[in-house]
Amino acid sequence: MPWLSTLIAVPVVGAVAVALLPKGADKLAKQVALVVSLVVLALTLAVTIQFSPRGERFQYVETYDWIPSFGVHWGLAVDGIALVLIALSAVLVPVVILASWHDADGTGADNPPKRSVKTYFSLLLVLEAMMIGVFAATDIFLFYVFFEAMLIPMYFMIGSYGGVQRSYAAVKFLLYSLFGGLLMLVAVIALYGIAGRNTFMFPELVGVITDPTTQKWLFLGFFIAFAIKAPLWPFHTWLPDAAAQAPAGAAVLLVGVLDKVGTYGMLRFCLELFPDAAKFFTPLVLVLAVVGIVYGAIVAIGQTDMKRLIAYTSISHFGFIAMGVFAMTADSAAGATLYMVNHGFSTGVLFLVAGFLIYRRGSAYIADYGGVQKVAPLLAGAFLIAGLSGLSLPGLSSFVSEFMVLIGTFSSEAVAGINYAVFAIIATTGVILAAIYILWMYKRVAGGPTAESVAGMKDLNGREKWVVAPLIALIIGLGFYPKPLLDVINPAVDTTLANVSVTEHQAPVPVAEQKGAGE
Amino acid sequence: MNGAIEAPTIEYGQLMPMLLVFGAAVVGVLIEALAPRYLRKAIHVPVTLLSLAGAFALIILQAVRDGVPEQASAMGAIAVDGPALFIWGVILVLAFISMLLINDDDQFVAQAAAVPGSPEEEDAVAQGGAHTEVYPLALFAIGGMLLFSSANDLLIMFVALEVMSLPLYLLCGLARRRRLLSQEASVKYFLLGAFSSGFFLYGMALVYGFAGTVDLGGISSALASVGGQDSLLYIGVALLGVGLFFKIGAAPFQAWKPDVYQGAPTPITALMASGTLVAAFGAVLRVFWVALGNLDWDWRPVMWAVAILTMVVGAILAITQTDIKRMLAYSSIAHAGFLLIGVIATGDAEQNSGSLSGILFYLLTYGITTVGAFAVVTMVRDAGGEAGHLSRWAGLGKRSPLLAGIFAFFLLAFAGIPLTSGFFGKYAVFAPAVSGGALGLVVVGVISSAVAAFFYVRVIVLMFFSEPAADGPTVALPSVGTAAVVTIAAAATVVLGVFPQPVLDLADQAASALFIR
Amino acid sequence: MEPVEIIQHSGGVIGVAWLMIALPLLGAAILLLGGRRTDRWGHLLGVVMSLASFAVAVLAFVELLGMSGDQRRREIELFQFIPGMVDMGLLIDPLSIAFALLITGVGSLIHIYSIGYMSHDPGRRRFFSYLNLFVAAMLLLVLADNYVGLYIGWEGVGLASYLLIGFWQHKPSAATAAQKAFIVNRVGDFGLAIGVFLIWTTFGSVAYGPVFQVAGQAEQGVLTAIGLLLLLGACGKSAQLPLQSWLLDAMEGPTPVSALIHAATMVTAGVYLVVRSGAAFFPVGSTAALVVTVVGVATLLAGAIIGTAKDDIKKGLAGSTMSQIGYMMLGAGLGPVGYVFAIGHLITHGFFKANLFLGAGSIMHAMNDEVDMRKYGGLRKLLPVTFVTFFIGYLAIIGFPLLSGYFTKDGIIETAMHHSPVLGWLAVLGAGITGFYMSRMVFMTFFGQKRWAEDAHPHESPAVMTVPLIILSIGSIFLGGYLVLGNTLANWLAPAVGGPEEPIEFHFVTTPGIATLVLVAIGAAFAWMKYGRAEVPVVAPRGSFVTTFARRDLYGDAINESLLMRPGQWLTRLAVFFDNRGVDGVVNGIAAGIGGTSGRLRRIQTGFARSYALSILFGAAVVAGALLLVGNI
Amino acid sequence: MGETITFWVLAVVSVSAALGLVFSRKAVYCALMLGVVMLSLAVLYAVQDAPFLAAVQIIVYTGAVMMLFLFVLMMVGVDSSDSLVETIRGQRFWAMIAGIGFAVLLALAVGQAAIGDPAGVTGANQRAGGNVPALAELIFTRHVFAFEVASALLITAALGAMVLAHRERTRPRPTQKDLAKARFVSGYPGPLPGPGTYARNNAIDMPARLPDGSVSELSVNRVIARHDVEDGRLPDDPELAEAIRQAAAEEEEHNASIAGPKEDR
Amino acid sequence: MTTHYLVLSALLFAIGAVGVLVRRNAIVVFMCVELMLNACNLAFVTFARQHGNLDGQLIAFFVMVVAAAEVVVGLAIIVTIFRTRRSASVDDANLLKY
């Protein structure tokens with residue numbers, strides 16, 4: 001059974017079905033969308049369960065010719081890295097659908113205009129299909145197609161359903177991403193031409209480009225696209241605008257999944273296709289990553305808008321992920337991959353809870369809140385847990401990944417005379433800053449005396465509990481027992497790094513043996 | 001001096017598609033002369049459409065049954081080779097759907113000779129007068145396009161240029177509304193067209209002076225044999241180029257395009273933006289590849305500059321446009337720049353056929369999308385006719401989501417977003433360009449695409465994210481023809497964006513043997 | 001005597017030692033998830049879970065007692081946490097079980113006490129869930145067999161502390177204090193985290209066993225670095241200089257919290273960390289150990305000085321806590337002998353300080369939550385039980401002979417004196433100040449005239465609160481002697497932390513000991529003169545420069561504010577400005593630039609056909625010229 | 001030798017005539033100048049062994065095309081002469097630069113080319129038995145298709161002229177009687193005063209005055225008036241200035257009504 | 001001699017081109033275009049003689065045909081716009097711009 005194609009087809013069919021529903025059938029549209037997304041989740045679970053971590057690297061391989069003239073295939077397959085990200089998408093979409101139940105209805109606190117409900121959910125499902133496709137694609141061209149096409153539904157979700165400055169944000173998001181994507185297109189074309197294999201299949205292109213100069217240029221083409229997507233400092237400014245203006249659900253998918261495509265692309269394509277260039281640029285990337293970590297955190301502290309703040313925290317977190325990828329140790333890379341998943345969950349729930357708050361209060365300004373904890377303890381509690389996950393509290397999932405990234409980076413061997421431990425140490429200050437921005441926000445929103453404007457605020461209702469509960473359960477569960485994910489991720493990361501000719505997953509050589517070898 | 005002239009051989013079979021179009025045009029003239037006024041349209045429509053469809057069928061028949069000829073036809077005047085057949089097919093398809101638009105009521109002036117705003121005009125409008133002459137005129141133009149793209153010597157090319165242009169000069173001036181603009185477009189197009197064809201002609205003279213022949217193959221072989229007169233050749237090539245660049249709207253010869261596209265009746269704009277561009281690129285390829293292929297080292301740098309300038313000017317100037325048709329005109333300029341990248345990317349035979357195939361595919365995708373976009377433009381109207389000003393398009397997505405959605409889709413195709421035909425079109429041109437050593441151009445192309453995306457996106461923002469104006473334009477209930485055009489264009493844009501392989505195969509096939517000389 | 005080998009263990013009570021952690025965690029989860037349904041019996045569940053945990057600890061202790069000394073380090077494996085890096089497991093050895101007993105024992109008492117103390121608070125269930133959470137995290141901290149597990153517990157107790165300090169979130173001061181505690185702790189955690197990174201990188205493991213085994217082989221510089229980094233962590237958690245500032249603010253939390261977390265257990269985690277890693281990273285005479293002692297002494301003095309000037313009874317006690325932990329730190333830097341007294345003092349302090357805090361809570365309970373001692377006075381008759389237990393705690397802390405504090409504190413002073421007279425005499429001085437400020441507290445509270453407000457009706461607390469007080473005060477009397485005399489504690493701890501070469505003999509009459517007693521007596525007498533005999537003004541008089549210095553926590557907050565917070569705020573504003581105008585400005589600037597270019601360029605399209613023709617002619621000339629040029633090159 | 005003299009004479013004549021075409025104010029002069037160029041060229045064709053072309057040049061070009069030009073000139077207004085004041089800034093300067101540059105470029109290129117002695121077309125002519133048969137043979141063999149297609153051009157031209165010029169009569173042609181009635185109904189039965197009839201000023205852009213001294217608004221050319229207003233060339237006399245402004249405003253209005261809503265321009 | 005003819009033709013062409021740029025009367029502009037075409041014809045005829053083949057003459061002939069047709073269409077257009085605007089100035093037709 002073509003599992004992956006099915007995974008892509010189901011939401012597409014669902015989207016079409018939702019779009020074709022008659023005009024007034026808003027409720028039905030939501031229900032259909034939810035059911036479809038749950039079906040996708042079930043299918044994804046089936047795929048995940050059948051995946052054998054120690055088996056072949058790529059499983060569920062499907063390869064059909066799509067455009068033979070260009071050497072393009074409908075090539076799908078997953079390795080551990082892609083699998084967990086697909087799972088992330090599949091988990092988040094139903095949650096987001098449930099969370100966005102009324103986002104298009106126009107029933108929020110500040111009476112936003114009513115918009116087409118079925119279009120919104122249809123776009124969500126289209127987006128889901130593309131998210132799964134982009135992670136499952138083993139054909140670089142196909143990857144690119146999904147990479148770019150993904151922008152469009154998100155563009156409409158921001159532009160049509162977002163906040164006051166939505167069209168500015170949407171255009172900025174689209175153009176920025178498009179610009180990066182086009183640079184990548186050039187690199188994709190050049191890769192095809194220079195490789196001369198007449199195919200875009202990723203496995204056949206690994207290790208083909210050997211000339212260092214060529215590698216560097218192509219690397220840059222890919223990397224800038226991914227750096228914009230991820231986003232790395234200084235290509236980040238679209239994200240706060242987009243995330244702040246997007247409806248909460250869309251923001252979750254934007255930051256939780258779409259941006260992961262950037263870091264995923266770095267790990268999958270930048271490293272494996274251009275290993276030498278990747279090593280050459282590592283110091284640069286690490287500098288950008290570390291700057292992003294600290295800078296994102298500092299700017300986050302100064303934000304007055306909740307969603308912007310969360311967006312800046314994400315910029316900081318993406319710095320961690322990029323650092324983990326480019327430190328190129330097994331721990332850091334596995335940590336980075338895990339981080340992609342965990343960040344999806346933690347930022348997801350943070351955005352969603354912030355969305356609930358904003359939906360009730362009608363404002364995203366932190367100053368408009370105060371004392372929510374008193375009137376809506378569950379809501380505030382969920383907000384706190386989400387925040388704590390954002391500051392990587394041990395016991396919550398993001399701790400494991402952040403820890404692995406940092407320790408992996410710290411233990412990476414010095415390359416070209418630069419000891420990357422320095423980067424890890426600077427990055428660790430992000431841990432302190434994270435505490436400041438999260439707790440300060442929490443204090444201003446939930447602490448202190450209850451503000452008049454939030455006095456009548458309702459606590460989480462049943463639907464919202466169902467939105468928050470699974471994510472928090474995942475965050476805590478994975479915080480204590482990340483092994484299932486890591487067991488899937490580690491072999492894939494090892495293979496990736498082997499292709500970059502970095503040694504396999506192992507602990508640093510203990511000091512005793514070092515001494516022994518030295519004598 | 002007993003000189004019985006030997007009868008020329010003309011391969012009627014091969015030329016039949018073109019002859020059919022010209023024949024239909026002549027029949028159209030006869031209809032004008034003989035049929036009663038009230039019947040004319042009823043007769044014109046089937047004649048026109050059937051002749052175009054028939055011509056298309058003949059091309060297919062030709063390709064399937066006889067294959068691609070290896071010799072030039074009509075005493076070496078016309079080359080019905082693979083690319084020509086493909087381009088003919090493309091032109092005919094585009095002409096057919098443009099014709100459906102032209103067919104629409106209310107597009108053309110009731111009485112061209114009546115002064116705008118005069119009582120005569122009011123009378124003519126009241127009586128429902130309409131110029132049915134547009135049918136034969138359009139057919140002549142289409143015939144000229146077919147000829148232009150398959151001309152195998154410069155004389156035929158010049159004549160074809162005029163055959164193609166003269167009817168268009170006329171048709172540009174026949175808009176029903178805003179006639180002053182329309183007439184202005186007409187006169188500008190005419191004067192500048194005549195001016196530029198003067199350059200073309202002088203270039204032709206110089207090339208003739210160099211080679212002693214105007215046969216494209218002959219010029220090509222003369223490049224190797226003639227010495228000492230290179231300056232004639234270079235100037236000649238430059239001036240030929242000017243004439244052709246003018247037709248495709250390459251900078252700095254692009255200035256007419258926005259004015260004319262804006263002023264002309266929209267269906268004619270559609271025909272020009274699609275058919276003329278395709279035909280002109282056919283001619284460009286023939287001149288620069290067939291006749292001057294061995295001179296590519298010399299013309300390439302200049303063409304680089306022109307291509308870059310064209311892309312940049314097209315993309316940047318479009319940003320601040322406020323009229324939708326004008327914006328599409330600038331977009332068309334930018335696209336001409338992208339296509340020029342393909343023209344530059346020459347090399348060995350394999351490289352050439354790759355580039356050629358890309359250009360052919362691009363022409364098809366761009367042409368169809370363009371016609372579709374202009375068809376949508378014809379449907380958005382307010383009291384004064386089409387609502388050209390962009391501000392009038394605000395909130396269209398709320399008022400008629402389907403139409404706005406389709407138009408947005410066309411715009412995305414122009415921007416080259418994946419899963420639209422425009423993406424593969426661009427890819428098909430860029431990919432061979434990179435392997436042909438034009439990476440720099442591709443980078444410029446990509447950057448201008450990004451800039452260009454801005455104004456496409458701006459329109460989408462207007463349509464979907466802005467609140468509709470209170471007295472905004474209405475969307476006319478489309479006629480069957482217009483609806484068909486939009487549907488066909490949208491379908492083609494989707495299909496070519498998702499499953500382009502069959503058409504790519506066709507283009508590959510058409511391009512595989514390159515041009516005959 | 002080196003610490004003994006760690007032995008893999010299964011079966012028995014120790015095999016299920018994870019229940020110690022799991023039970024309170026389960027309790028916390030039930031209480032948090034159960035919501036209002038559990039309101040009625042939630043506090044009971046909390047107590048039960050704590051007690052159950054205590055039971056398991058006792059049973060494990062008993063099982064450990066049944067083993068010979070070299071068998072007493074048992075490790076149980078739980079699960080793979082991070083494959084290839086961290087295998088989560090528990091280390092049950094004399095050190096950890098001692099902590100476990102303290103935590104669960106004192107913890108249970110405080111749970112019970114809280115039933116009464118929090119009886120009127122609508123958030124009592126939540127309070128108990130946090131307490132349970134704290135117990136679980138603290139146990140993970142001390143029981144984990146690796147540094148990552150410790151780190152998780154470390155931050156876990158930080159979270160619990162945050163939640164409990166900020167339990168009354170609606171009070172801005174509480175919310176701020178909670179936030180401050182967490183953030184300052186994070187600074188310490190930063191050091192701890194990097195220390196762990198360095199341990200992993202150096203030794204290829206984060207588990208105690210393998211790390212301690214090969215620790216000696218690493219380079220000295222690396223070891224010192226690790227030691228200092230761990231110390232930074234310890235400073236954060238244990239409120240040592242320079243990360244002490246949060247502890248005083250932390251008194252915003254409910255009093256049982258101050259007793260349990262900010263006196264008896266959590267704040268001693270730093271001592272645990274240093275002692276646990278002592279053999280490996282803080283060997284006697286090493287730089288790291290020296291720094292530990294210096295930090296300890298500095299803090300014990302600073303805490304004591306702060307304690308002298310506080311009118312808030314809880315803050316006074318908090319200063320005292322700082323100071324006492326300073327003693328422990330000092331001990332922890334002095335090698336095996338020091339460890340014994342440090343841990344001993346930690347345990348006795350756990351009792352008498354919990355006793356004092358709960359007593360203070362009892363007083364506040366009686367006084368409408370009034371914390372200002374200037375508004376107490378003469379309470380000894382109204383609150384007899386509280387007075388007696390509080391007084392016992394007081395005697396214990398000032399080191400009244402034969403009470404708990406006497407043995408352990410004097411032990412530390414003596415060891416320090418043995419080690420370095422300077423440190424020793426400073427510690428003696430600290431003891432003297434302790435005598436003063438504790439006496440001041442007792443006199444202001446229980447003696448003199450009543451100074452309380454009209455609406456206060458002081459009354460003795462219910463039994464559920466006084467019984468724990470009594471139990472704790474009994475511990476405050478006897479525990480020190482039991483632990484120190486006869487080397488009980490030293491022998492017990494030896495397998496875990498290494499023992500002194502020869503048995504420690506406790507001398508009752510020593511020069512420092514006598515000096516200490518004299519100083520304490522002087523301090524107490526001075527306090528009597530000032531606060532017992534004299535009238536205590538209700539409003540604090542403007543004190544001297546020194547008083548102000550002490551009142552303002554030695555300007556710790558001021559330093560933080562001017563050195564870190566202000567520049568930080570400034571940096572934040574700068575960064576935000578830079579981001580909006582600089583980074584984003586470039587992006588928007590490019591867009592605006594293109595737009596502007598477009599706007600200007602379109603003016604070239606004048607609409608005059610002749611201009612167009614000109615551009616064609618120009619273009620033609622340029623194209624022709626260029627081609628001619630290219631062709632002729 | 002004869003050719004050289006002919007060439008130089010005609011070269012001078014044709015270039016002067018061409019310059020005259022560019023620089024004479026009156027359109028009719030221009031047409032005549034063009035005719036001179038064409039005739040000169042016809043002679044030059046003849047000199048260069050192209051008698052057929054020479055004949056065609058005179059018959060078709062000078063005879064038909066130029067006449068067409070003249071007809072149209074007459075229709076449009078024979079006496080309307082161009083103002084030689086340039087309105088587009090820099091246009092003339094740059095046109096000269098570009099023109100001279102272009103001419104130099106062309107001349108250089110042509111002069112630089114190593115062109116040998118002409119082969120002469122005598123041989124080619126003789127093979128077919130004369131210039132005309134030789135051309136005929138080419139036209140009807142090698143270039144027959146171009147010839148055939150040229151017919152399409154001619155048809156287009158005819159059709160185009162019809163479309164633009166032919167007016168279907170939509171109402172009955174007014175009879176003499178109708179015209180006379182209309183004239184009297186208009187209130188001004190006499191012929192309109194021509195521009196300058198009562199003029200105190202002989203410029204075409206000045207309105208005429210009626211016999212009573214009042215300004216005749218009918219005599220103002222609205223297009224010219226618009227230019228006057230735009231360029232600020234208004235007379236001192238307030239009455240005259242007002243009339244011009246009035247006419248200019250009418251013109252604007254007129255344009256606007258045809259061009260559609262203002263913002264669409 | 002050929003060169004002389006060519007230079008003459010080039011001059012005429014350039015003069016015609018400049019005429020297009022500087023004249024405002026549409027008819028005169030158009031006449032200048034005709035001058036350019038005539039210049040081309042001269043070049044063709046000259047080159048025909050140079051090469052000794054009649055193609056050039058033939059092309060010149062075609063140019064005349066084309067020019068004739070073009071004149072018809074062009075003048076028709078000019079007349080139409082003149083009737084609307086009562087001006088034959090090409091500068092007046094500048095509603096379409098920017």
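Two residues are said to be in contact if their C-beta atoms, placed from the backbone, lie within 7 Å. By this criterion chain A and chain E do not touch, and their nearest C-alpha atoms are 25 Å apart. No contact joins chain A and chain D either, with the closest C-alpha atoms of these two chains 25 Å apart. The model is predicted, so that local features need pLDDT of at least 70 and side-chain atom pairs count only at pLDDT 80 or more, while totals for chains, interfaces and linings use all residues. Residues are numbered from 1 along each chain as its sequence is written, and chains are lettered from A and ligands numbered from 1 in the order in which they are written.

A good place to begin is the pairing of chains D and E, which share the most contacts of the eight pairs of chains in contact. Here 73 residues of chain D are in contact with 69 residues of chain E. On the chain D side, at least two residues each come from helix 1 (2–23), helix 2 (27–47), helix 3 (51–77), helix 4 (91–112), helix 5 (122–128), helix 6 (131–140), helix 7 (144–165) and helix 10 (238–259). Helices (H or I, at least four residues) and strands (E, at least two) are DSSP runs, numbered from the N terminus. Helix 3 of chain D provides the largest share of this side, 13 residues. Sorted by class, the side of chain D that touches chain E has 56 nonpolar, twelve polar and five charged residues. In this sorting Ala, Val, Leu, Ile, Met, Phe, Trp, Tyr, Cys and Pro count as nonpolar, Asp, Glu, Lys and Arg as charged, and the others, Gly among them, as polar.

Chain D also meets chain B, with 46 residues of chain D in contact with 54 residues of chain B. Helix 4, helix 6, helix 7 and helix 10 of chain D are the elements that give two or more residues to this side. Helix 7 of chain D gives the most, with 15 residues. The side of chain D that touches chain B divides into 27 nonpolar, twelve polar and seven charged residues.

The UniProt record adds annotation for chain D. Its unreviewed entry lists "transmembrane region" at residues 6–23, 28–46, 52–73, 93–115 and 144–165 of chain D. UniProt positions are given in the numbering used here, feature names are shortened, and annotations may be inferred rather than shown by experiment. In the model, residues 6–23 of chain D are 100% helix and 0% strand, with end C-alpha atoms 25 Å apart. Residues 28–46 of chain D are likewise 100% helix and 0% strand, and their end C-alpha atoms are 27 Å apart.

Turning to chain E, its secondary structure comes to three helices and zero strands, in the pattern α-α-α along the sequence. For this chain, UniProt (unreviewed entry) places "transmembrane region" at residues 6–22, 27–47 and 59–82. The span 27–47 of chain E is 100% helix and 0% strand, with 30 Å between its end C-alpha atoms. Residues 59–82 of chain E are also 100% helix and 0% strand, and here the end C-alpha atoms lie 33 Å apart. The C-alpha trace of chain E spans about 50 × 25 × 20 Å along its principal axes. Its radius of gyration is 16 Å, whereas a compact globule of 98 residues would have one near 13 Å. This radius is taken over C-alpha atoms, and the globule rule is 2.2 Å times the number of residues to the power 0.38. Of the 98 residues of chain E, 86% count as buried. A residue is buried if 20 or more other C-beta atoms, placed from the backbone, lie within 10 Å of its own, exposed if 12 or fewer, and partly exposed in between.

Strands appear in chains A and B. In chain A, strand 1 (residues 59–67) and strand 2 (residues 72–78) pair in the antiparallel sense over six bridges; two strands pair if DSSP finds at least two bridges between them. A:Gln59 stands opposite A:Val78 in strand 2 of chain A. These two strands form a hairpin with four residues between them, and A:Gly71 in the turn has a positive phi of about 70°. Chain B holds an open sheet of three strands in the order 2-1-3, with antiparallel pairing. Its edge strands, strand 2 (385–386) and strand 3 (474–475), each pair on one side only.
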